[in-house]
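Me: I would like to go through this model by question and answer, beginning with the sheet and ending with the pocket.

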Amino acid sequence: VMEQAECSSIQLLPVFHEGIIRGKILIGRDASRPSWSQDEINAGNEIVELALTIYGLRNNLATAEQHNHELERVFLASLDLAATLNPEDVLHNILKNALALLPGAHDAHIFYYDGDKLSFGAAMFKDGSTGKEWASPRENGLTYTVARSGDIIVVEDMRNHPLYYGTPPSWEGAIIGLPLKMKGFVIGVMTVALLEPQSFQENLLRQLRLLAEQAGIAIQNARLHNMIQEEAHTDWLTGLPNRRAFELTVGRLVEQAKLTGEEFTLMMIDLDHFKSINDTYGHLVGDDALRIIASRLQARIRKTDFLARLGGDEFAILFPRTRIDEAYAIGIALQQETSGCDLHLPDGKFGCVSISIGLSNYPKSGLTSDELLAAADTNMYVDKERV
């Protein structure tokens, strides 16, 4: 080539970058030109520096574009995680995004960690199905090791990794264990597994780490939301559902009954002579009476029934798919079984606790929550007058 160009002299400038020759710059000159001057040699070296700068900028641009793509994927995943505060949906969204980041994965699992023990949270498989855990965490296995260390563990081949020595031969492939943290504390572990051994590029692991960071926050937010919801719907004294929870439940039963044509019965309950106990012995003794009644009622209703404290000494029970005569028989039994003279009083005496009841039925007594409550309340005071 140099002969064809009639070059009599050349400069050969190797392009070094990070100790490796990345390329060569060849500068030729014909016989009519003088020999290379020092300035021209310096200019050649400057060309090399310029080439290196361009090469570096190109690499930096490619790296930046890759990082932007990774951040975009994680950002979209974080939007998905923030779309709901339902704990089950949050777990499924985390697993769905983990499987999307690693298309060859067979399954992904999440386990909760309380600082001592792991408990199953959710599992998702490559076809999008959910179900039970593939295998329970081993005391000295990958999941517990991640939980206790707080570090990601990458196993590219289970059959050749110390954490899987002695495991069944069918346990093969690759797996990644990622800690799910909140404020530095491990609250769970996510595993993503493949059926075949595989090496993992750093950019993929980086995306999974970012997803795990978002996942820890999303899980904790869902837990806190769930806790607040429970507290907002729970009576502080008895631990029973409160009036708000009762109103929501009876409203749902009304809507369901409209669609199905099923009936249900509502029972109002009031403590007998509760005011005199409160006035004579104070609210602490009165609170004891309320807790005793709540405990006895809760122990004797059916699993399908819904018991709530409405406030003061008023309770209510919802009996789904139950006729009024069936609920009345349950009410009589509750009156007999919850009444007793075993309330310890400050003066050494024992106080007696009993209940009055009133019933209403959908649709016979009313078609709305307010109508049903009013009818049951009226019938309860009729029963109370007999005491």
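**Sheet and pocket**

Me: In what order do the five strands of the open sheet stand?
Reply: The model is predicted. Its open sheet has five strands with antiparallel pairing. Read across the sheet, the order is 4-3-7-6-5.

Me: Which strands stand at the edges, each with a single partner strand?
Reply: An edge strand has one partner, so one side of it is left without a neighbour in the sheet. This applies to residues 118-125 and 153-155, and from one strand to the next the twist averages 15°. The edge strands are strand 4 and strand 5.

Me: What is the bridge partner of Ile153 in strand 6?
Reply: Strand 5 pairs with strand 6, residues 174-182, in the antiparallel sense. Three bridges make up this pairing. The partner of Ile153 is Gly177.

Me: Which strands does helix 2 touch, and what angle does its direction make with that of strand 4?
Reply: Helix 2 covers residues 87-101 and packs on the sheet. It touches strand 3 (107-113), strand 4 and strand 7 (185-194). The angle with strand 4 is about 55°.

Me: What angle does the direction of helix 3 make with that of strand 7?
Reply: Helix 3, residues 142-149, also packs on the sheet. Its contacts are with strand 3, strand 4, strand 5, strand 6 and strand 7. With strand 7 the angle is about 145°.

Me: How many of the ten residues of strand 7 are buried?
Reply: Buried means under 20% relative accessible area. By that cut-off strand 7 is mostly covered. The count of buried residues is nine.

Me: Which residue of strand 7 is the bridge partner of Gly177?
Reply: Strand 7 pairs antiparallel with strand 3 over six bridges, and His109 stands opposite Thr191 there. Nine bridges join strand 7 to strand 6, again antiparallel. The strand 7 partner of Gly177 is Thr191.

Me: Which residue in the turn between strand 6 and strand 7 has a positive phi?
Reply: Strand 6 and strand 7 form a hairpin with two residues between them. One residue in the turn has a phi of about 55°. That residue is Lys183.

Me: How many nonpolar residues are in the lining of the largest pocket?
Reply: The largest pocket holds about 360 Å³ of space. Of its 23 lining residues, the closest to the centre are Trp134, Ala135, Met158, Tyr164 and Ile175, while strand 3, helix 3 and strand 7 each give two or more residues to the lining. By class the lining has three charged and seven polar residues. The nonpolar count is 13.

Notes
Residues are numbered from 1 along each chain as its sequence is written. This is a predicted model: local features need pLDDT of at least 70, side-chain atom pairs count only at pLDDT 80 or more; totals for chains, interfaces and linings use all residues. Side-chain values use heavy atoms; hydrogens and water are left out. Two strands pair if DSSP finds at least two bridges between them. Helices (H or I, at least four residues) and strands (E, at least two) are DSSP runs, numbered from the N terminus. Axes are lines fitted to C-alpha atoms, for helices over the stretch in contact, and angles run from 0 to 180 degrees between N-to-C directions. Contact means heavy atoms within 4.5 Å. Buried means under 20% relative accessible area, exposed over 50%, partly exposed in between (1.4 Å probe, protein chains only). On a 1 Å grid over the protein atoms alone, a cavity is a set of points where a 1.4 Å probe fits but cannot get out, and a pocket is an open set with protein on both sides within 12 Å along at least five of seven lines; lining residues have an atom within 4 Å of a point. Grid points are joined across faces, edges and corners, and a volume is the space filled by probe spheres set on the points. Ala, Val, Leu, Ile, Met, Phe, Trp, Tyr, Cys and Pro count as nonpolar, Asp, Glu, Lys and Arg as charged, and the others, Gly among them, as polar.
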